[in-house]
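The following paragraphs lead through the structure by way of its strands, its helices and its chain interface. Please keep the sequence and the model in view while reading.

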Amino acid sequence: MKKTIFLMLLLFIGVASFKPTEAVNPKTKVLVYYFHLTERCHTCTTIEATVVSLLNEKYKAQLKDQTLVFKSINTDDKANEALCKEYEAYGSTLALTKLKNGKVVKKEDLTNMAFSKINKPELFKGELVEKINPMLK
Amino acid sequence: MLNMNRINKLGIAIAFVFIGGFISCNSPENTESDKINAVTVAQTPTVSGDILSYADPNLEGPSVLIFNFHSTNRCISCNAIEANTRKTLETYFSKEMQEGRIKMMVYNVDDEVNASIAQTFEATGTALFIVRVNDGKDSIMDVTGDGFKYAKHNPEKLIEILKSKIEEQLQ
């Protein structure tokens, strides 16, 4: 009996950990989150602006029907604490999340790629598209 | 009347300064070599853009060069990145720093003298690179993202990442 309860508890914890911290539309397939501090540098704001510009340019329909969701999140805001913890986002962080039926299937941290390629916006955008497209399928 | 006197005195003083300056600039004491020296002093030596020139050629085995770039106007994360990189080196690699096996270079990308090295790394703002140099070859690892992600609110994690990556590069 104890073993069954323990196994059920484990199963519950397992399922719970795959649910995103924030409530999402079951239709949503990809979350694009950009985390930042209150005090932001030029590179940080440029990364966000470039991501937003790409999404508006290539994924307008998906943004409209919420297949793809973009959020800019301030890591200094206490209200975002749980979300920042989930993504280990303590400062500027670009994260992609693939969802299926409202549950997290895969997470990808693109922060290093973003900071190293932002000087070449077309290259940065290209890599982002390569990551987003398979997640939308 | 008093004011007119003051203005006249001021005018005479300015005239003396101009004339004095003209005479000193054209005086025979100001030789050709002085002019050359003046030009030399005014020029600041530029920083090399060749990564390998920063490594000690007398050292055997791999060495690590840390390049940290920043703009003139620095944000809180940028300052935290430099501080925590220094802390990592002082805490875990003081011996290698003394030997010259690890070196840290910090450059302002807005300063023209650093243009060449900034161009080598394509750095236009805050950036952090770990470079492994061995057998006359270099390999560059960009850890800027880790810096921005952790430096401010989770510096221990950044220090842990830097320590592990530097150790890896020293192998």
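In the hairpin of β3(A) and β4(A), where two residues lie between the strands, Asn101(A) adopts a positive phi near 50°. Strand β3 (residues 93–100) of chain A and strand β4 (residues 103–109) of chain A run antiparallel and are joined by six bridges, pairing being assigned if DSSP finds at least two bridges between two strands; within this pair, Leu96(A) has Glu108(A) of β4(A) opposite. Strands (E, at least two residues) and helices (H or I, at least four) are DSSP runs numbered from the N terminus.

This is a predicted model, in which local features need pLDDT of at least 70 and side-chain atom pairs count only at pLDDT 80 or more, while totals for chains, interfaces and linings use all residues. Residues are numbered from 1 along each chain as its sequence is written, chains are lettered from A and ligands numbered from 1 in the order in which they are written, and side-chain values use heavy atoms, with hydrogens and water left out.

Chain A also offers a helix pair: helix α2 (residues 42–58) of chain A packs against helix α6 (residues 121–136) of chain A at an angle of about 60°, the axes being 10 Å apart, where axes are lines fitted to C-alpha atoms, for helices over the stretch in contact, and angles run from 0 to 180 degrees between N-to-C directions. The two helices α2(A) and α6(A) are therefore oblique to each other, a term for what remains once angles under 35 degrees (roughly parallel), over 145 (roughly antiparallel) and 65 to 115 (roughly perpendicular) are set aside. Among the residues that meet, with contact meaning heavy atoms within 4.5 Å, are Ile47(A) and Leu54(A) in α2(A), and Phe124(A) and Leu128(A) in α6(A).

In chain B, four strands form an open sheet of mixed pairing in the order β2-β1-β3-β4. Strands β2 (102–108) and β4 (137–142) of chain B are at the edges with a single partner strand each, so one side of each has no neighbour in the sheet. Strand β1 (residues 63–70) of chain B pairs with strand β3 (residues 127–134) of chain B in the antiparallel sense over seven bridges, and Phe69(B) stands opposite Ala127(B) in β3(B). Helix α7 (residues 155–170) of chain B packs on the sheet, where β1, β2, β3 and β4 of chain B are touched.

Between the chains, 20 residues of chain A are in contact with 18 residues of chain B.
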